[in-house]
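Let's walk through this structure together, one region at a time. Keep the sequence and the 3D view open as you read.

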2 protein chains.
Amino acid sequence: MTEPRPRPQAGEVSVAELTSTLEEFTRMFIRLPKVQRLSFTTLSVLHTLAGRGPQRLTALAAGEQVSQPAITQMVTKLQHEGLVERRPDPSDSRAVLVHITPAGRAIVEGRRADRIAHLTELTGRLTPEEWAPIVAALPALRRLVELDRQLEQEKRS
Amino acid sequence: MTEPRPRPQAGEVSVAELTSTLEEFTRMFIRLPKVQRLSFTTLSVLHTLAGRGPQRLTALAAGEQVSQPAITQMVTKLQHEGLVERRPDPSDSRAVLVHITPAGRAIVEGRRADRIAHLTELTGRLTPEEWAPIVAALPALRRLVELDRQLEQEKRS
DNA sequence: GTTCCTTATATAAGTTGCTTATGCAGATGC
DNA sequence: GCATCTGCATAAGCAACTTATATAAGGAAC
(Lines give C-alpha, C1' and ligand atoms only; values in the text may rest on other atoms or scores of the structure.)
Protein backbone atom coordinates (compact mmCIF):
# COMPACT_ATOMS: atom_id res chain seq x y z
CA MET A 1 0.00 0.00 0.00
CA THR A 2 2.88 2.36 0.69
CA GLU A 3 4.44 1.32 -2.57
CA PRO A 4 5.21 4.36 -4.72
CA ARG A 5 2.53 4.85 -7.36
CA PRO A 6 2.77 7.01 -10.46
CA ARG A 7 -0.72 8.30 -9.73
CA PRO A 8 -2.43 10.08 -6.83
CA GLN A 9 -5.08 8.35 -4.78
CA ALA A 10 -7.97 9.67 -6.83
CA GLY A 11 -6.73 7.52 -9.69
CA GLU A 12 -6.91 4.42 -7.54
CA VAL A 13 -10.57 5.03 -6.89
CA SER A 14 -11.21 5.53 -10.57
CA VAL A 15 -9.49 2.27 -11.47
CA ALA A 16 -11.80 0.46 -9.08
CA GLU A 17 -14.80 2.15 -10.67
CA LEU A 18 -13.48 1.38 -14.12
CA THR A 19 -13.12 -2.25 -13.12
CA SER A 20 -16.63 -2.71 -11.80
CA THR A 21 -18.13 -0.78 -14.70
CA LEU A 22 -16.28 -2.94 -17.16
CA GLU A 23 -17.30 -6.09 -15.32
CA GLU A 24 -20.93 -5.15 -15.87
CA PHE A 25 -20.33 -4.03 -19.40
CA THR A 26 -18.47 -7.15 -20.32
CA ARG A 27 -21.27 -9.39 -19.12
CA MET A 28 -23.78 -7.47 -21.16
CA PHE A 29 -21.53 -7.46 -24.18
CA ILE A 30 -20.77 -11.16 -24.22
CA ARG A 31 -24.33 -12.31 -23.84
CA LEU A 32 -25.28 -13.06 -27.42
CA PRO A 33 -27.61 -15.64 -28.92
CA LYS A 34 -25.69 -18.85 -29.49
CA VAL A 35 -24.42 -19.07 -33.03
CA GLN A 36 -24.20 -22.32 -34.88
CA ARG A 37 -23.24 -24.51 -31.92
CA LEU A 38 -19.87 -22.83 -31.56
CA SER A 39 -18.50 -22.57 -28.05
CA PHE A 40 -17.24 -19.41 -26.45
CA THR A 41 -13.61 -20.48 -26.75
CA THR A 42 -14.11 -21.48 -30.37
CA LEU A 43 -15.51 -18.07 -31.24
CA SER A 44 -12.62 -16.44 -29.46
CA VAL A 45 -10.15 -18.44 -31.54
CA LEU A 46 -11.90 -17.41 -34.75
CA HIS A 47 -11.78 -13.81 -33.60
CA THR A 48 -8.05 -14.08 -32.95
CA LEU A 49 -7.39 -15.64 -36.34
CA ALA A 50 -9.50 -12.98 -38.07
CA GLY A 51 -7.78 -10.15 -36.26
CA ARG A 52 -4.17 -11.25 -36.02
CA GLY A 53 -3.72 -13.58 -38.95
CA PRO A 54 -2.52 -17.20 -39.01
CA GLN A 55 -1.33 -18.61 -35.70
CA ARG A 56 0.38 -21.69 -34.38
CA LEU A 57 -1.56 -24.07 -32.22
CA THR A 58 0.64 -23.33 -29.22
CA ALA A 59 0.13 -19.61 -29.67
CA LEU A 60 -3.63 -20.09 -29.74
CA ALA A 61 -3.53 -22.30 -26.65
CA ALA A 62 -1.53 -19.70 -24.74
CA GLY A 63 -3.81 -16.89 -25.85
CA GLU A 64 -7.03 -18.65 -24.93
CA GLN A 65 -5.72 -20.06 -21.68
CA VAL A 66 -6.64 -23.61 -22.55
CA SER A 67 -4.45 -26.67 -23.01
CA GLN A 68 -2.72 -27.46 -26.26
CA PRO A 69 -4.72 -30.66 -26.87
CA ALA A 70 -7.91 -28.64 -26.52
CA ILE A 71 -6.82 -26.39 -29.38
CA THR A 72 -5.72 -29.34 -31.49
CA GLN A 73 -9.14 -30.94 -31.12
CA MET A 74 -11.00 -27.70 -31.72
CA VAL A 75 -9.00 -26.90 -34.86
CA THR A 76 -9.62 -30.40 -36.20
CA LYS A 77 -13.32 -29.84 -35.76
CA LEU A 78 -13.26 -26.35 -37.25
CA GLN A 79 -11.31 -27.73 -40.19
CA HIS A 80 -14.01 -30.30 -40.91
CA GLU A 81 -16.58 -27.52 -40.78
CA GLY A 82 -14.55 -25.49 -43.27
CA LEU A 83 -13.95 -22.56 -40.93
CA VAL A 84 -10.17 -22.86 -40.69
CA GLU A 85 -7.32 -24.54 -42.55
CA ARG A 86 -4.12 -26.16 -41.34
CA ARG A 87 -1.07 -25.18 -43.37
CA PRO A 88 2.56 -26.08 -42.77
CA ASP A 89 4.80 -23.43 -41.27
CA PRO A 90 7.63 -22.97 -43.80
CA SER A 91 10.01 -21.90 -41.06
CA ASP A 92 9.46 -24.95 -38.83
CA SER A 93 8.28 -28.26 -40.16
CA ARG A 94 6.97 -29.42 -36.77
CA ALA A 95 4.59 -26.53 -36.61
CA VAL A 96 1.21 -25.80 -38.15
CA LEU A 97 -0.22 -22.44 -39.08
CA VAL A 98 -3.96 -22.19 -38.63
CA HIS A 99 -5.59 -19.95 -41.24
CA ILE A 100 -9.16 -18.71 -41.10
CA THR A 101 -11.29 -19.33 -44.20
CA PRO A 102 -13.81 -16.92 -45.73
CA ALA A 103 -16.58 -18.93 -44.06
CA GLY A 104 -14.85 -18.55 -40.70
CA ARG A 105 -14.37 -14.85 -41.22
CA ALA A 106 -18.05 -14.51 -42.08
CA ILE A 107 -18.98 -15.86 -38.66
CA VAL A 108 -16.75 -13.39 -36.87
CA GLU A 109 -18.15 -10.54 -38.93
CA GLY A 110 -21.70 -11.70 -38.35
CA ARG A 111 -21.22 -11.58 -34.64
CA ARG A 112 -19.69 -8.16 -34.86
CA ALA A 113 -22.69 -7.03 -36.86
CA ASP A 114 -24.98 -8.33 -34.12
CA ARG A 115 -23.06 -6.43 -31.50
CA ILE A 116 -23.05 -3.27 -33.60
CA ALA A 117 -26.82 -3.55 -33.97
CA HIS A 118 -27.21 -4.03 -30.24
CA LEU A 119 -24.96 -1.11 -29.34
CA THR A 120 -26.60 1.07 -31.97
CA GLU A 121 -29.93 0.50 -30.31
CA LEU A 122 -28.48 1.30 -26.90
CA THR A 123 -26.42 4.31 -27.85
CA GLY A 124 -29.35 5.69 -29.78
CA ARG A 125 -30.98 6.26 -26.42
CA LEU A 126 -28.08 8.30 -25.12
CA THR A 127 -28.10 12.05 -25.25
CA PRO A 128 -25.26 13.65 -27.24
CA GLU A 129 -23.84 14.78 -23.91
CA GLU A 130 -23.59 11.16 -22.79
CA TRP A 131 -22.37 9.82 -26.10
CA ALA A 132 -19.53 12.27 -26.66
CA PRO A 133 -17.34 11.10 -23.75
CA ILE A 134 -17.57 7.50 -24.89
CA VAL A 135 -16.32 8.39 -28.35
CA ALA A 136 -13.63 10.54 -26.78
CA ALA A 137 -12.42 7.58 -24.69
CA LEU A 138 -12.02 5.16 -27.60
CA PRO A 139 -8.39 5.94 -28.50
CA ALA A 140 -7.35 5.59 -24.87
CA LEU A 141 -9.17 2.27 -24.54
CA ARG A 142 -7.42 0.97 -27.62
CA ARG A 143 -4.16 2.12 -26.10
CA LEU A 144 -4.93 0.05 -23.01
CA VAL A 145 -5.42 -3.05 -25.12
CA GLU A 146 -2.13 -2.34 -26.84
CA LEU A 147 -0.37 -1.90 -23.50
CA ASP A 148 -1.80 -5.20 -22.34
CA ARG A 149 -0.22 -6.98 -25.28
CA GLN A 150 3.10 -5.29 -24.62
CA LEU A 151 2.94 -6.30 -20.97
CA GLU A 152 2.28 -9.88 -21.89
CA GLN A 153 5.22 -9.87 -24.28
CA GLU A 154 7.46 -8.59 -21.51
CA LYS A 155 6.30 -11.24 -19.09
CA ARG A 156 6.97 -13.97 -21.61
CA SER A 157 10.62 -13.02 -21.87
CA MET B 1 -5.26 8.48 -37.75
CA THR B 2 -6.82 11.35 -39.72
CA GLU B 3 -10.38 11.62 -38.47
CA PRO B 4 -13.02 12.79 -40.91
CA ARG B 5 -14.86 15.97 -40.05
CA PRO B 6 -17.69 15.43 -37.59
CA ARG B 7 -20.86 14.85 -39.58
CA PRO B 8 -24.43 14.12 -38.54
CA GLN B 9 -24.01 10.40 -39.23
CA ALA B 10 -20.57 10.13 -37.67
CA GLY B 11 -22.16 8.21 -34.81
CA GLU B 12 -22.60 5.15 -37.01
CA VAL B 13 -18.89 4.91 -37.59
CA SER B 14 -18.19 5.42 -33.91
CA VAL B 15 -20.51 2.62 -32.86
CA ALA B 16 -18.59 0.24 -35.11
CA GLU B 17 -15.32 1.42 -33.62
CA LEU B 18 -16.73 1.15 -30.14
CA THR B 19 -17.78 -2.41 -30.89
CA SER B 20 -14.44 -3.60 -32.15
CA THR B 21 -12.59 -1.81 -29.39
CA LEU B 22 -14.80 -3.42 -26.78
CA GLU B 23 -14.41 -6.82 -28.40
CA GLU B 24 -10.68 -6.54 -27.89
CA PHE B 25 -11.05 -5.09 -24.44
CA THR B 26 -13.45 -7.74 -23.33
CA ARG B 27 -11.13 -10.54 -24.35
CA MET B 28 -8.28 -8.99 -22.42
CA PHE B 29 -10.47 -8.35 -19.42
CA ILE B 30 -11.91 -11.83 -19.13
CA ARG B 31 -8.63 -13.64 -19.39
CA LEU B 32 -7.78 -14.30 -15.76
CA PRO B 33 -5.93 -17.12 -14.05
CA LYS B 34 -8.39 -19.89 -13.28
CA VAL B 35 -9.68 -19.64 -9.76
CA GLN B 36 -10.49 -22.66 -7.69
CA ARG B 37 -11.85 -24.82 -10.52
CA LEU B 38 -14.86 -22.56 -11.03
CA SER B 39 -16.16 -22.31 -14.57
CA PHE B 40 -16.85 -19.11 -16.40
CA THR B 41 -20.62 -19.49 -16.04
CA THR B 42 -20.29 -20.31 -12.35
CA LEU B 43 -18.30 -17.14 -11.72
CA SER B 44 -20.86 -15.15 -13.62
CA VAL B 45 -23.63 -16.54 -11.41
CA LEU B 46 -21.71 -15.60 -8.27
CA HIS B 47 -21.19 -12.13 -9.69
CA THR B 48 -24.91 -11.77 -10.34
CA LEU B 49 -25.83 -12.94 -6.85
CA ALA B 50 -23.28 -10.59 -5.30
CA GLY B 51 -24.47 -7.65 -7.33
CA ARG B 52 -28.22 -8.10 -7.53
CA GLY B 53 -29.08 -10.11 -4.43
CA PRO B 54 -30.90 -13.46 -4.14
CA GLN B 55 -32.34 -14.87 -7.33
CA ARG B 56 -34.56 -17.71 -8.44
CA LEU B 57 -33.08 -20.55 -10.40
CA THR B 58 -35.13 -19.67 -13.46
CA ALA B 59 -34.00 -16.06 -13.29
CA LEU B 60 -30.37 -17.17 -13.15
CA ALA B 61 -30.88 -19.55 -16.05
CA ALA B 62 -32.40 -16.78 -18.16
CA GLY B 63 -29.67 -14.33 -17.24
CA GLU B 64 -26.80 -16.68 -18.00
CA GLN B 65 -28.35 -18.08 -21.16
CA VAL B 66 -28.05 -21.66 -20.03
CA SER B 67 -30.73 -24.26 -19.36
CA GLN B 68 -32.56 -24.50 -16.05
CA PRO B 69 -31.14 -27.96 -15.20
CA ALA B 70 -27.64 -26.55 -15.71
CA ILE B 71 -28.30 -23.94 -13.02
CA THR B 72 -29.87 -26.51 -10.70
CA GLN B 73 -26.77 -28.69 -10.94
CA MET B 74 -24.41 -25.78 -10.54
CA VAL B 75 -26.22 -24.42 -7.49
CA THR B 76 -26.19 -27.87 -5.89
CA LYS B 77 -22.45 -28.00 -6.35
CA LEU B 78 -21.91 -24.44 -5.11
CA GLN B 79 -24.05 -25.25 -2.09
CA HIS B 80 -21.84 -28.19 -1.17
CA GLU B 81 -18.83 -25.91 -1.47
CA GLY B 82 -20.46 -23.38 0.83
CA LEU B 83 -20.55 -20.57 -1.71
CA VAL B 84 -24.34 -20.22 -1.97
CA GLU B 85 -27.44 -21.22 0.00
CA ARG B 86 -30.87 -22.34 -1.12
CA ARG B 87 -33.71 -20.70 0.80
CA PRO B 88 -37.45 -20.98 0.25
CA ASP B 89 -39.20 -18.14 -1.49
CA PRO B 90 -41.91 -16.95 0.95
CA SER B 91 -44.08 -15.74 -1.91
CA ASP B 92 -44.05 -19.03 -3.85
CA SER B 93 -43.45 -22.36 -2.22
CA ARG B 94 -42.36 -24.03 -5.45
CA ALA B 95 -39.54 -21.58 -5.86
CA VAL B 96 -36.07 -21.32 -4.37
CA LEU B 97 -34.07 -18.20 -3.70
CA VAL B 98 -30.35 -18.64 -4.13
CA HIS B 99 -28.34 -16.53 -1.69
CA ILE B 100 -24.60 -15.94 -1.87
CA THR B 101 -22.60 -16.70 1.29
CA PRO B 102 -19.69 -14.66 2.64
CA ALA B 103 -17.33 -17.25 1.16
CA GLY B 104 -18.98 -16.82 -2.23
CA ARG B 105 -18.78 -13.07 -2.00
CA ALA B 106 -15.11 -13.33 -1.14
CA ILE B 107 -14.45 -15.09 -4.43
CA VAL B 108 -16.20 -12.37 -6.41
CA GLU B 109 -14.28 -9.69 -4.56
CA GLY B 110 -11.02 -11.54 -5.01
CA ARG B 111 -11.47 -11.61 -8.73
CA ARG B 112 -12.33 -7.95 -8.77
CA ALA B 113 -9.16 -7.26 -6.82
CA ASP B 114 -7.16 -9.17 -9.42
CA ARG B 115 -8.70 -7.13 -12.19
CA ILE B 116 -8.10 -3.90 -10.33
CA ALA B 117 -4.46 -4.85 -9.92
CA HIS B 118 -4.18 -5.64 -13.60
CA LEU B 119 -5.84 -2.43 -14.71
CA THR B 120 -3.81 -0.43 -12.21
CA GLU B 121 -0.66 -1.75 -13.81
CA LEU B 122 -1.94 -0.91 -17.28
CA THR B 123 -3.38 2.52 -16.56
CA GLY B 124 -0.23 3.44 -14.69
CA ARG B 125 1.46 3.44 -18.07
CA LEU B 126 -1.00 5.89 -19.54
CA THR B 127 -0.27 9.57 -19.69
CA PRO B 128 -2.74 11.81 -17.81
CA GLU B 129 -3.95 12.96 -21.22
CA GLU B 130 -4.90 9.39 -22.08
CA TRP B 131 -6.30 8.53 -18.69
CA ALA B 132 -8.64 11.49 -18.30
CA PRO B 133 -11.04 10.59 -21.15
CA ILE B 134 -11.48 7.09 -19.77
CA VAL B 135 -12.52 8.42 -16.39
CA ALA B 136 -14.78 10.92 -18.11
CA ALA B 137 -16.54 8.14 -20.00
CA LEU B 138 -17.37 6.04 -16.94
CA PRO B 139 -20.78 7.56 -16.14
CA ALA B 140 -21.89 7.15 -19.74
CA LEU B 141 -20.74 3.54 -19.83
CA ARG B 142 -22.69 2.80 -16.67
CA ARG B 143 -25.67 4.44 -18.29
CA LEU B 144 -25.33 2.05 -21.23
CA VAL B 145 -25.44 -0.94 -18.90
CA GLU B 146 -28.53 0.51 -17.27
CA LEU B 147 -30.19 1.04 -20.65
CA ASP B 148 -29.42 -2.54 -21.57
CA ARG B 149 -31.30 -3.79 -18.53
CA GLN B 150 -34.24 -1.55 -19.33
CA LEU B 151 -34.28 -2.82 -22.89
CA GLU B 152 -34.30 -6.40 -21.70
CA GLN B 153 -37.19 -5.67 -19.37
CA GLU B 154 -39.16 -4.19 -22.25
CA LYS B 155 -38.52 -7.18 -24.45
CA ARG B 156 -39.66 -9.55 -21.75
CA SER B 157 -43.07 -7.93 -21.60
C1' DG C 1 27.17 -35.95 -37.34
C1' DT C 2 25.76 -38.00 -33.01
C1' DT C 3 23.79 -37.19 -28.66
C1' DC C 4 20.70 -34.86 -25.69
C1' DC C 5 17.37 -31.65 -24.51
C1' DT C 6 13.62 -28.78 -26.00
C1' DT C 7 9.61 -27.56 -28.70
C1' DA C 8 5.25 -28.39 -31.65
C1' DT C 9 1.70 -31.29 -32.36
C1' DA C 10 -1.15 -35.54 -31.93
C1' DT C 11 -3.60 -39.23 -29.50
C1' DA C 12 -5.87 -41.56 -25.49
C1' DA C 13 -8.66 -41.76 -21.54
C1' DG C 14 -11.11 -39.62 -18.02
C1' DT C 15 -13.81 -35.63 -16.00
C1' DT C 16 -16.87 -31.80 -16.05
C1' DG C 17 -20.51 -28.97 -17.61
C1' DC C 18 -23.62 -28.57 -20.54
C1' DT C 19 -27.89 -30.38 -23.21
C1' DT C 20 -32.82 -32.52 -23.97
C1' DA C 21 -36.47 -35.23 -22.04
C1' DT C 22 -39.26 -36.05 -18.35
C1' DG C 23 -41.58 -36.05 -13.75
C1' DC C 24 -43.66 -33.85 -9.81
C1' DA C 25 -45.59 -30.43 -6.83
C1' DG C 26 -47.42 -25.88 -6.05
C1' DA C 27 -49.68 -21.79 -8.44
C1' DT C 28 -53.18 -19.95 -11.47
C1' DG C 29 -57.43 -19.47 -14.31
C1' DC C 30 -62.00 -20.47 -15.37
C1' DG D 1 -62.56 -28.49 -8.83
C1' DC D 2 -60.29 -29.45 -12.80
C1' DA D 3 -57.02 -28.27 -16.31
C1' DT D 4 -53.13 -25.87 -17.33
C1' DC D 5 -49.03 -23.49 -16.34
C1' DT D 6 -44.73 -22.69 -13.78
C1' DG D 7 -40.50 -23.77 -10.93
C1' DC D 8 -37.50 -27.09 -9.83
C1' DA D 9 -35.31 -31.78 -9.76
C1' DT D 10 -33.63 -35.98 -11.92
C1' DA D 11 -31.77 -38.95 -15.69
C1' DA D 12 -29.15 -39.91 -19.66
C1' DG D 13 -26.32 -38.44 -23.27
C1' DC D 14 -23.07 -35.38 -25.55
C1' DA D 15 -19.45 -31.90 -26.10
C1' DA D 16 -15.47 -29.64 -24.48
C1' DC D 17 -12.25 -29.65 -21.59
C1' DT D 18 -8.36 -31.94 -18.70
C1' DT D 19 -3.75 -34.79 -17.76
C1' DA D 20 -0.60 -38.13 -19.41
C1' DT D 21 1.93 -39.78 -23.01
C1' DA D 22 3.81 -40.45 -27.81
C1' DT D 23 6.11 -38.84 -32.04
C1' DA D 24 8.92 -36.06 -34.64
C1' DA D 25 11.61 -31.97 -35.79
C1' DG D 26 14.72 -28.11 -34.13
C1' DG D 27 18.85 -26.58 -31.76
C1' DA D 28 23.09 -26.81 -28.93
C1' DA D 29 27.30 -29.04 -27.66
C1' DC D 30 31.12 -31.45 -28.66
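In this predicted model, DNA strand C is surrounded by 22 residues. The closest of them are A:Arg86, A:Arg94, B:Ser67, B:Ser93 and B:Arg94, and that list draws on chain A as well as chain B. If you look at the atoms of DNA strand C that come within 4 Å of the protein, sugar and phosphate account for 61% of them.

Zoom in on individual atoms next. On the phosphate side, a backbone N or O atom of A:Leu57 sits 3.5 Å from a phosphate oxygen of DNA strand C. The bases are approached too: a polar side-chain atom of A:Arg94 lies 2.4 Å from a base oxygen of DNA strand C, and an N or O atom in the side chain of B:Arg94 is 2.8 Å from a base nitrogen of that strand. Which elements give two or more residues to the surface near DNA strand C? From chain A they are α3 (57-64), α4 and β3, and from chain B they are α4 and β3. The largest share, 5 residues, comes from α4(B). Sorted by class, the residues of this surface divide into 8 nonpolar, 8 polar and 6 charged.

Now turn to the other strand. DNA strand D is surrounded by 23 residues, with A:Ser67, A:Ser93, B:Thr58, B:Arg86 and B:Arg94 the closest. Of the atoms of DNA strand D within 4 Å of the protein, 62% belong to sugar or phosphate, and bases provide the rest.

Several atom pairs here involve phosphate oxygens. The side chain of A:Lys77 places an N or O atom 2.9 Å from a phosphate oxygen of DNA strand D. From chain B, a polar backbone atom of B:Thr58 is 2.8 Å from a phosphate oxygen of DNA strand D, and an N or O atom in the side chain of B:Arg86 is 2.5 Å from a phosphate oxygen of this strand.

The surface near DNA strand D is again shared between the two chains. At least two residues each come from α4 (68-80) and β3 (92-100) of chain A, and from α3 (57-64), α4 (68-80) and β3 (92-100) of chain B. Here α4(A) makes the largest contribution, with 5 residues. By class, this surface has 8 nonpolar, 8 polar and 7 charged residues.

One residue deserves a second look. B:Arg94 is among the closest residues to DNA strand C and also among the closest to DNA strand D. B:Arg94 lies in strand β3 of chain B, and its side chain makes a polar contact of 2.8 Å with the side chain of B:Asp92. Is B:Arg94 buried or exposed? B:Arg94 counts as exposed because its relative accessibility is 73%.

For a contrast, move to B:Ser44, which is 50 residues from B:Arg94 in sequence and 25 Å away in space, C-alpha to C-alpha. B:Ser44 is one of the buried residues of α2(B), a set that also includes B:Leu43, B:Val45, B:Leu46 and B:Leu49. Helix α2 of chain B covers residues 40-52 and has 13 residues. From its first C-alpha to its last, the helix reaches 18 Å, close to the 18 Å expected at 1.5 Å a residue. After α2(B) comes B:Gly53, with a positive phi near 80 degrees.

Another backbone detail appears in both chains. Most residues other than glycine have a negative phi. A:Gln65, in contrast, has a positive phi of about 60 degrees although it is not a glycine, and B:Gln65 likewise has a positive phi of about 60 degrees. A:Gln65 is in the loop between α3 and α4 of chain A, while B:Gln65 is in the loop between α3 and α4 of chain B. With a relative accessibility of 35%, A:Gln65 counts as partly exposed, and B:Gln65 is partly exposed with a relative accessible area of 35%.

Finally, step back to chain A as a whole. Chain A has 6 helices and 3 strands, which follow the pattern α-α-β-α-α-β-β-α-α along the sequence. Of its 157 residues, 41% are buried. Among the contacts in chain A with a separation of 6 or more, 52% join residues 24 or more positions apart.

How far can you trust the model here? The mean pLDDT of chain A is 89, and 90% of its residues reach 70 or more. Over residues 1-9 of chain A, however, pLDDT stays under 50, and the model has 7 contacts beyond four places in sequence for them.

Technical notes
Residues are numbered from 1 along each chain as its sequence is written. Chains are lettered from A and ligands numbered from 1 in the order in which they are written. Side-chain values use heavy atoms; hydrogens and water are left out. A residue is near a molecule or strand if one of its heavy atoms lies within 4 Å of it. A polar contact is a pair of N or O atoms within 3.5 Å; within protein, one must be able to donate a hydrogen and the other to accept it, and residues adjacent in sequence count only if both atoms are side-chain atoms. Helices (H or I, at least four residues) and strands (E, at least two) are DSSP runs, numbered from the N terminus. Ala, Val, Leu, Ile, Met, Phe, Trp, Tyr, Cys and Pro count as nonpolar, Asp, Glu, Lys and Arg as charged, and the others, Gly among them, as polar. The expected span of a helix is 1.5 Å times one less than its number of residues. Buried means under 20% relative accessible area, exposed over 50%, partly exposed in between (1.4 Å probe, protein chains only). pLDDT is the predictor's confidence in each residue, from 0 to 100. Contact means heavy atoms within 4.5 Å.
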